[in-house]
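This briefing is intended for a reader who has the sequence and the coordinates at hand. It takes up confidence, packing and selected residues in turn.

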Amino acid sequence: MDPLCGGTRAAHFAVTGQWSKAWLYNPLGPLAVIGAAAVALRATLGFAAHRWLVVDLVVSRRTTRLACALGVLAALALGVRQQLLVDLLL
């Protein structure tokens with residue numbers, strides 16, 4: 001099992017409103033659905049208003065390293081979690 005296993009089922013459950021089931025299969029599923037909805041909303045508003053929401057972030061090298069380290073730890077934790085749920089995901 002890799003960290004993405006169960007992602008499609010999780011996204012399906014999130015779209016159909018079964019958020020707890022979606023989270024059980026893979027926490028990335030609901031996050032992907034929310035992210036896709038945010039991108040679609042931004043595109044719709046941008047095309048309708050002919051103005052685009054732009055966010056400029058200025059981060060230090062230390063903040064970038066910290067974010068990368070947290071991302072790696074989160075990916076490892078998700079991988080371990082998915083291994084523990086192997087019976088559900090098969």
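The points below are grouped by topic, beginning with the confidence of the model.

The structure is a predicted model, and its protein chain has a mean pLDDT of 93. Its largest nonpolar core has six residues, with α1 giving the most to this core. The axes of α1 and α3 come within 7 Å, and their crossing is right-handed.

**Confidence**

- In the protein chain, 100% of the residues reach a pLDDT of 70 or more.
- Among the elements of the chain, the highest mean pLDDT, 95, belongs to helix α4 (residues 61-84).
- The lowest mean pLDDT among these elements, 85, is that of helix α5 (residues 86-89).
- Where pLDDT is low, predicted coordinates should not be read in detail.

**Nonpolar core**

- The largest nonpolar core consists of A10, F13, A14, A22, Y25 and L89.
- Two elements, α1 (7-15) and α2 (19-25), give two or more residues to this core.
- The contribution of α1 is the greatest, at three residues.
- In soluble globular proteins, nonpolar side chains tend to be buried together.
- With neighbours within four places in sequence left aside, the core residue F13 is in contact with Q18, W19, K21, A22 and Y25.

**Packing of α1 against α3**

- The axes of α1 and helix α3 (residues 28-49) cross at roughly 55 degrees.
- The two helices are therefore oblique to each other, because their angle lies outside the ranges that count as roughly parallel (under 35 degrees), roughly perpendicular (65 to 115) and roughly antiparallel (over 145).
- On the α1 side, the contact is made by G7, A10, A11, A14 and V15.
- On the α3 side, the contributing residues are G29, P30 and V33.

**Residues of helix α3**

- G29 has its place in helix α3 and has a relative accessible area of 2%, so it is buried.
- Apart from neighbours within four places in sequence, G29 is in contact with G7, A10 and A11.
- G29 and V59 are 30 residues apart along the chain, and their C-alpha atoms are separated by 28 Å.
- A32 is also placed in helix α3; its relative accessibility is 46%, so it counts as partly exposed.
- From C-alpha to C-alpha, A32 and G7 are 8.9 Å apart in space, with their positions 25 residues apart in sequence numbering.

**The segment before α1**

- G6 lies in the segment before α1.
- The relative accessibility of G6 is 10%; G6 therefore counts as buried, the cut-off being under 20%.
- Once neighbours within four places in sequence are left aside, G6 is in contact with Y25, N26 and L89.
- Two of these partners, Y25 and L89, are listed in the largest nonpolar core.
- G6 and V72 are 66 residues apart in sequence, and the C-alpha to C-alpha distance is 20 Å.

**The loop between α3 and α4**

- H50 is located in the loop between α3 and α4.
- The phi angle of H50 is near 60 degrees, which is a positive value in a residue other than glycine.
- H50 has a relative accessible area of 69% and is therefore exposed, given a cut-off of over 50%.

Terms used: Residues numbered from 1 in each chain as written. Predicted model: local features only at pLDDT ≥ 70, side-chain atom pairs only at ≥ 80, totals over all residues. Heavy atoms only, no water. pLDDT = per-residue confidence, 0-100. Helix = DSSP H or I, 4+ residues; strand = E, 2+ residues; numbered from the N terminus. Core = buried A, V, L, I, M, F, W, Y, C linked by side-chain atoms within 4.5 Å. Buried < 20%, exposed > 50% of the residue type's maximum accessible area, 1.4 Å probe, protein only. Contact = heavy atoms within 4.5 Å. Axes fitted to C-alpha atoms, helices over the stretch in contact; angles between N-to-C directions. Left-handed = near helix turned anticlockwise from the far one by under 90°.
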